[in-house]
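Please open the model in a viewer and follow the stops below in order. Each stop proposes a selection and then states what is found there.

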Amino acid sequence: MCTVSWMSSPTGYKVFFNRDEQKTRARALPPAIISDRHTRAIMPIDPKGDGTWCAVNEHGITYALLNFYQGRLPKGKLISRGKIVRQCASFASVDEAKHFVRSLVHAKYAPFSLLIFDPERSLVPSVFMMRWNGKALIEMEQTSPLISSAVRYEEVFASRISVYRQYIGPDEGVENADDFARLHASHLPDRSAFSICMHREDAQTVSYSQIEVELNQIRFFYSDGAPCEAPVLLSEKMNRA
């Protein structure tokens, strides 16, 4: 029940992430700088699983994970998918992260889609994605946006793609970050399960993350709540390694 979009520029890239969750889920800890394996990364933390859904490290690599509800759920006790992102953020290279994800015992995780934003490919419109569908790990290129929903996925996808095209122009390289921010606070076509800023009786958009990776600096903006209601503030920043 999330939406991730992104844009690139000659000096870096920006990622925009609406996290949608059940209203009963514990509130996440705001983004903080965490050091692991001698690598610093900025990430919010989900206290339920001690993992995260998005992170950016000092090498300018961003990871964003969405649940893949259309996959097959493995049997038995499962490990939190958020721990995958947290572990990936500790690696200094994209290749290390890819090797780590490939080496996982995938049947211990519910299905997921993991986007890996490589600063060396910032001008490439597609992003490398690793998807565990409950049967196999599939690697592919993904264009913006990536959408997940546990409820009426096909209808939700069609609605959000239509709204995305209204806000974001078709020409690569002319995107505006303000347009993406407005997109992620949008209630088109109405305030419901179909809108990118999502609101249902049992679930809603609970946070908004905006990650900006430039040549020398990384900034993490965060809204602790739906972006239509809570302010989007600079949470953390750090220099590129």
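Begin by selecting residues 3-9, strand S1, together with residues 12-22, strand S2; the two strands pair in the antiparallel sense over 7 bridges. The model on display is a predicted one. Within this pair, select Ser8 and look across to S2, where Tyr13 stands opposite.

Next, add helix H4, residues 177-184, to the view. H4 packs on the sheet and touches S1, S2 and strand S11 (203-213). The direction of H4 makes about 175° with that of S1.

Now widen the selection to the whole sheet. It is an open sheet of 6 strands with antiparallel pairing, and its order reads S10-S1-S2-S11-S12-S13. To find its edges, select residues 146-147, which form strand S10, and residues 233-239, which form strand S13. Each of these edge strands pairs on one side only.

The next stop concerns the cysteines. How many disulfides does a search of the whole structure find? The search finds 0. Select Cys2 and display its side chain: Cys2 is in no disulfide, and the nearest cysteine sulfur belongs to Cys54. Then centre the view on Cys54. Why is Cys54 not bonded to Cys2? The sulfur of Cys54 lies 9.6 Å from that of Cys2, its closest cysteine sulfur, and this is too far for a bond. Are these two residues buried or exposed? Cys2 is buried, with a relative accessible area of 9%, and Cys54 is also buried, with a value of 1%.

Proceed to the largest pocket, which has a volume of about 500 Å³. To centre the view on this pocket, select Arg25, Asp46, Asn67, Ser80 and Arg81, the closest to its centre of the 22 residues that line it. The elements that give two or more residues to this lining are S2 and strand S6 (62-67). S2 supplies the largest share, 3 residues.

The last stop is in the interior, where the count comes to 2 cavities of 30 Å³ or more. The largest cavity has a volume of about 100 Å³. Select Phe117, Arg121, Ser122, Val124 and Val127, which are the closest to its centre among the 13 lining residues. Then colour S1, strand S7 (112-117) and strand S8 (127-132), the elements that give two or more residues to the lining of the largest cavity. Which element contributes the largest share of that lining? The tour thus returns to S1, which contributes 3 residues.

How values were computed
Residues are numbered from 1 along each chain as its sequence is written. This is a predicted model: local features need pLDDT of at least 70, side-chain atom pairs count only at pLDDT 80 or more; totals for chains, interfaces and linings use all residues. Side-chain values use heavy atoms; hydrogens and water are left out. Two strands pair if DSSP finds at least two bridges between them. Helices (H or I, at least four residues) and strands (E, at least two) are DSSP runs, numbered from the N terminus. Contact means heavy atoms within 4.5 Å. Axes are lines fitted to C-alpha atoms, for helices over the stretch in contact, and angles run from 0 to 180 degrees between N-to-C directions. A disulfide is a pair of cysteine sulfur atoms within 2.5 Å. Buried means under 20% relative accessible area, exposed over 50%, partly exposed in between (1.4 Å probe, protein chains only). On a 1 Å grid over the protein atoms alone, a cavity is a set of points where a 1.4 Å probe fits but cannot get out, and a pocket is an open set with protein on both sides within 12 Å along at least five of seven lines; lining residues have an atom within 4 Å of a point. Grid points are joined across faces, edges and corners, and a volume is the space filled by probe spheres set on the points.
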